[in-house]
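Please look over the sequence and the model below before reading on. The report that follows goes through the aromatic pairs, the sheet, the nonpolar cores and the disulfide.

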Amino acid sequence: MAGLTTVDRGKVRLMKRWMSSTRPFLLVFIRLVIVIALCSESVGAATYYLNPATGSDSNAGTTTGSPWKSMLKVRTTVSAGDTVNVLAGTYIPSQYMGEVTDVPVWTPSHALGTAQNPITIQANPGDTAIFDGQFVAYWMYFTANAAYNGHYVIVRNLTFKNYSGVALCVCGAS
């Protein structure tokens with residue numbers, strides 16, 4: 001500290017004290033920023049529940065006690081990153097479709113996931129969920145067209161049986 005006046009030395013000592021007292025705060029702040037950045041992909045993601053036998057599309061769908069009823073409600077309500085847990089049971093088209101037509105179509109105007117935040121539709125952990133198509137053509141018909149990047153919907157741990165076509169179809173625009 002040679003060449004500094006007494007006032008300058010006092011300022012330097014004050015600055016050193018301030019830096020040493022704020023260092024723990026700065027380290028915590030930097031760690032918090034890193035955690036938020038790493039977790040920001042899933043911030044705002046919701047979990048919903050579906051029970052086509054006893055649910056209601058007027059329910060909030062956010063608890064097992066107030067599940068939604070139809071896949072129509074799912075594809076018109078969820079957002080990127082959301083998860084829909086299908087509660088245990090065997091469900092038939094009249095219970096889960098919610099459509100006027102026989103073909104449940106998921107179009108680009110419905111909810112879309114992203115590569116980083118797909119929409120997930122799955123059996124509620126520990127439950128067995130079965131969709132019995134009773135020989136309808138599809139459980140879900142995802143339209144494909146080049147005007148958007150895709151649906152980004154993951155369907156897992158569900159059982160499909162008795163469909164006259166295929167349970168899941170990713171097909172050209174209808």
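## Aromatic pairs, sheet and cores

Y48 and W68 are both buried, and like everything reported here this description rests on a predicted model. The count of aromatic pairs comes to nine. Among them, the rings of Y48 and W68 have their centres 4.4 Å apart and their planes at 20°, and because planes under 30 degrees apart count as stacked, this pair is stacked. The pair links distant parts of the chain, 20 residues apart, since Y48 belongs to strand 1 (residues 47-50) whereas W68 lies in the loop between strand 1 and helix 2 (71-77). Elsewhere, ring pairs join Y91, Y96, F131, W139, F160 and Y163 into a cluster.

Strand 1, which carries Y48, also takes part in an open sheet of four strands, arranged in the order 1-2-5-8 with parallel pairing. Strand 1 and strand 8 (153-156) are the edge strands, each pairing on one side only, and from one strand to the next the twist averages 20°. Between strand 1 and strand 2 (residues 83-86) the parallel pairing runs over four bridges, and within it L50 stands opposite V86 of strand 2.

The strands named in the table each supply at least two residues of the largest nonpolar core, as does helix 2.

| Strand | Residues |
|---|---|
| Strand 5 | 119-123 |
| Strand 6 | 129-132 |
| Strand 7 | 140-144 |

Strand 1 and strand 2 likewise each supply at least two residues of this core. The largest nonpolar core holds 28 residues, of which M71, V74, W106, I121 and W139 touch the most other members. In soluble globular proteins, nonpolar side chains tend to be buried together.

Which residues does I121 touch, not counting residues up to four places away in sequence? The contacts of I121 are M71, V74, V84, V86, W106, W139, V153, I154, V155, R156 and L158. Two residues met earlier return in this list: V86, which L50 faces in strand 2, and W139, a member of the aromatic cluster.

Apart from the largest core lies another, of five residues, including V105, Y138, Y141 and C169. C169 counts as buried because its relative accessibility is 6%, where buried means under 20%. C169 also forms a disulfide with C171, the two sulfur atoms being 1.6 Å apart, and a search of the whole structure finds one disulfide.

Technical notes: Residues numbered from 1 in each chain as written. Predicted model: local features only at pLDDT ≥ 70, side-chain atom pairs only at ≥ 80, totals over all residues. Heavy atoms only, no water. Disulfide = S-S within 2.5 Å. Buried < 20%, exposed > 50% of the residue type's maximum accessible area, 1.4 Å probe, protein only. Phe/Tyr/Trp six-rings, centres within 6.5 Å; stacked < 30°, edge-to-face > 60°. Pairing = 2+ DSSP bridges. Axes fitted to C-alpha atoms, helices over the stretch in contact; angles between N-to-C directions. Core = buried A, V, L, I, M, F, W, Y, C linked by side-chain atoms within 4.5 Å. Contact = heavy atoms within 4.5 Å.
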